[in-house]
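Student: I'm new to this one, so could you walk me through it step by step?

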Amino acid sequence: MNKIRIGLIGIGNFCSNYHIPRFLRRPDVEVTAVCDISQERLDNRNEGLKNAREYTDYRDLLDPDLVDGVHISTPNGFHFEQCKLALERNIPVMVDKPITRTVAHVEELVGLSKSNNCVLMTAFTRHFMASAVHVRQKIASGETGPVQMISAIQRRHGGNRPDLNGGMLLGRSVHITNIIPWLTRKEITGVEGQVEYGDNGYETFVDVRLELEGGTHARLLCIKETDAYQDEVSVFSAKQSFRLERETLY
């Protein structure tokens, strides 16, 4: 079996603890190259990657003779230039959410992906969690009855480098705003809400109300700078309700 050769750009905490173990479990994948600006991370990378070539400049890794595809797990502020060069070299890309921090950059990358017939995929990992897949299938089957309301709350500690990642909504809560229409298979048709900002110009509190096709409503509450961590989505239907806490389902 010919294995798919994957290159990794950015092997920080999330990539090392989430993506890399999953790549290594796949019999059809071989990680042939890794890149990080930290030599310490490269030196201490997973034992399963010891035979991969190492780079500190992502441009050297993006070689079609070395990799069949690339996964990008760097801060959001670097996604655009890295995705663009990969697509220009006809190397398929999977990039951690969000693709970039601006709509204009997203549109440019999507256009480049289409013109070069080269895959550009965002790593919305919750689409592949058994908990979320189960709820989506239940709703689609009609067993639950019509979805009446979705309520989501996310509380998180400070940090997450808003200067690089683009603030709370882009840096983290984009997972929630993505999963709501994905679970229901209904497009968002209306948005309203309240946003409060910190001294650094990035949001610290977000209260968003969404209207979906068919009149279904959803509410998303995001609170930063708290002592507690919370990440859950509750789906209320006519016959059955669910609460999702990432991979845990109630």
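**Strands, helices and a ring pair**

Tutor: Let's start with one strand pairing: β7 (residues 147-155) and β10 (residues 217-223) run parallel and are joined by 7 bridges. Strands (E, at least two residues) and helices (H or I, at least four) are DSSP runs numbered from the N terminus, and two strands pair if DSSP finds at least two bridges between them. This is a predicted model, where local features need pLDDT of at least 70, side-chain atom pairs count only at pLDDT 80 or more, and totals for chains, interfaces and linings use all residues. Residues are numbered from 1 along each chain as its sequence is written, and side-chain values use heavy atoms, with hydrogens and water left out.

Student: Which residue in β10 does Gln-154 stand opposite?

Tutor: Stay with the β7 and β10 pairing, which is parallel. The residue in β10 opposite Gln-154 is Cys-222.

Student: What is the strand order in the open sheet of 7 strands?

Tutor: The pairing in this sheet is mixed. β8 (188-197) and β13 (248-249) stand at the edges with a single partner strand each, so one side of each has no neighbour in the sheet. The full order is β8-β9-β10-β7-β11-β12-β13.

Student: What angle does the direction of helix α6 make with that of β12?

Tutor: Helix α6 (residues 130-141) packs on the sheet, touching β7, β11 (230-237), β12 (241-245) and β13. A contact means heavy atoms within 4.5 Å. Axes are lines fitted to C-alpha atoms, for helices over the stretch in contact, and angles run from 0 to 180 degrees between N-to-C directions. For α6 and β12 the angle is about 160 degrees.

Student: And what angle does helix α8 make with β9?

Tutor: Helix α8 (residues 168-184) also packs on the sheet, and β7, β8 and β10 are among the strands it touches. Its direction and that of β9 (203-212) make an angle of about 15 degrees.

Student: Which residues form an aromatic pair that is stacked?

Tutor: Rings of Phe, Tyr and Trp (its six-membered ring) pair if their centres lie within 6.5 Å; planes under 30 degrees apart count as stacked, over 60 as edge-to-face and the rest as tilted. Here the centres are 5.1 Å apart, with 10 degrees between the planes. The two are Phe-14 and Tyr-18.

Student: Is Tyr-18 buried or exposed?

Tutor: Buried means under 20% relative accessible area, exposed over 50%, and partly exposed in between (1.4 Å probe, protein chains only). Phe-14, at 39%, counts as partly exposed. Tyr-18 has 14% relative accessibility, so it counts as buried.
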